[in-house]
Amino acid sequence: MLITENITKTFGGIKAVDDCSIKVAQGLITGLIGPNGSGKTTLFNMVTGLYKPDAGKISLKGNQIQGLKPSKIYHQGIGRTFQITRLFWKMTVLENMIVPVRQIGWQTLLSRGVKKHEEEQAMELLHWVGLSQYRDEEVRKLSFGQQKLIEFVAVLMSDPDLILLDEPAGGVNPVMIEKMMEMVDDLNSKGKTFLLVEHNMRLVMELCQHIIVLDHGQKIAEGVPSEVQNNPLVLEAYLGSTQNANASA
Amino acid sequence: MTIPSFHLFVQTLILGGLVGGVYALMASGLTLIFGVMRVINVAHGAFLILGAYITYELFQYFKIDPIASILITMPVFFGAGWLIQRYMLSRIANPEQTSVLVTFALALVLEGILGFIFQTTARMVTPSYTSDAFIFATYRFPVTRLIGFGTALLIILLLYLILQYTNLGRAIRATTQDPRAAQLMGINTSMISAFTFALGLSTAAAGGSLLSIIYSFNPSSQADWIARTLSIIVLGGMGSIPGALIAALTLGVMEQMTSIVVTLYWSPIVFYFFLFFTLIIRPQGLLGEIIREKG
């Protein structure tokens, strides 16, 4: 589904992502983990077009997408949520749901803001997450957890093939996390592919079928959860080298 | 300094309010452009004057009514705005910082060209109803100002409907609130910027036509008008259209009031004092929001 080949991104001499090649297989929930600053979000930003990679290739369903505008990449089928939600907080919940489905062109400039079938689709998704009663509320009036759910279902409006979730559980209460995990699982069983960055290890280990570990911008390990959990390189990246620990002791 | 009688006071409110509506139209385009693109279009005043001159010429040579000529100038300015954003402003790096220079240059070039063609004689468009006025309960309502106010309100209403209920409008609002998120939600923000600039300039076209029947103008009056419209959007809060409306009405009334109570020459100064004091208390303007750059 998504393949990055040797992509690199440098910020002022620091390689945030260094010669990184990963594969996200169709139909799987892939987890992207690593310590803070290991390049996870930078990788996300390159895949979604916010940053241009300095080198390397990114392809989606066989088409090269590196260097395309974010809006183009979006319409090729990648949807994304954010660590801290980026909903349009002065718009209503319903409007936020509709934003992602439209392309803007000369012909459709003055067409109606909300069409019947879009509204129905949006309401169905809002029902699903139990927030349909807030359709006409401005987003800023909702709780952070509710906003996360809305961002999540707004992404589904345009039916993307690949969904990137940036810390879906960050700052969300445990009940909501359960709910979100169920939904991801459910969508995955219907064929959606996910790539998620998450610090909640229990969630990653339970939910993901494949895990990729980054450290200092490079891929240091990958595999099924049990393999990754016991990989010494991964433990070292997270906990520091055991040799150093011995030396200092 | 003279204390006006009650009658004069109300009359002044009326005149100031009517012209304030026209100011509101002129400023709405400027604030809309800033909201979406973080670009201050310093050439806005020059485009107002250009609009006024086109209206003048259409009236002189084709006897087209200044209000009717809006139907011609608005689409033309819309197209021009689209091209300027597409082929000029979108090509500069860091538009937030450097666009002021580019649009200032545009203002000077326009002023120069207008000066070359029309010289510095002050002009005004004078249709047959120029000096007519309605009298209502002993208060005077000059026809040109009534027309100006009504037309301005109509166009602002149209702008509001576009922003609130259309595809383009929603994309513009989304881009104003968070351009990056808008991109990631599939909105082609450079396209939206072009349409926003086009919309903004077309309001300048209408504003120019209205200006031409209420005020006399020459090419260098553009500096006056950009100062006025900029102060309005700063007072109202950069990017806020309702804020611009309130500030425009305030400016209209204050100018008129000062010219009655003190003298005509003081009228701009009083408004600027008001602006300074407002900014000391509310740096973001009346209805503006403090802008934080998101990463």
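Tutor: One term up front: two residues are in contact if their C-beta atoms, placed from the backbone, lie within 7 Å. What you're looking at is a predicted model, where local features need pLDDT of at least 70 and side-chain atom pairs count only at pLDDT 80 or more, while totals for chains, interfaces and linings use all residues. Residues are numbered from 1 along each chain as its sequence is written, and chains are lettered from A and ligands numbered from 1 in the order in which they are written.

Student: Okay, so how many residues does each chain bring to the contact between chain A and chain B?

Tutor: Chain A gives 27 residues and chain B gives 21. On chain A's side, the largest share comes from helix 2, with four residues. Helix 2 (70-76) and helix 3 (93-98) are the elements that give two or more.

Student: What makes a residue on that side nonpolar, polar or charged?

Tutor: Just its type: Ala, Val, Leu, Ile, Met, Phe, Trp, Tyr, Cys and Pro are nonpolar, Asp, Glu, Lys and Arg are charged, and the others, Gly among them, are polar. Sorted that way, chain A's side has 12 nonpolar, eight polar and seven charged residues.

Student: Why is the stretch 174-189 of chain A called a helix, and what span is expected?

Tutor: A helix is a DSSP run of H or I with at least four residues (a strand is a run of E with at least two), numbered from the N terminus. Helix 6 of chain A has 16 residues, so it qualifies. The expected span is 1.5 Å times one less than the number of residues. That gives 22 Å here, and the helix reaches 23 Å from its first C-alpha to its last, which is close. Just after helix 6, A:Gly191 takes a positive phi of about 105 degrees.

Student: How do you know that strand 4 and strand 5 of chain A pair?

Tutor: Pairing needs at least two bridges found by DSSP. Strand 4 (residues 55-60) and strand 5 (residues 63-64) have two, running antiparallel, so they count as paired. A:Leu60 partners A:Asn63, and in this hairpin, with two residues between the strands, A:Lys61 has a positive phi near 50 degrees.

Student: Which strands of chain B pair?

Tutor: Strand 1 (residues 133-136) and strand 2 (residues 139-142), antiparallel over four bridges. B:Ile135 sits opposite B:Arg140. They form a hairpin with two residues between them, and B:Ala137 in the turn has a positive phi of about 50 degrees.
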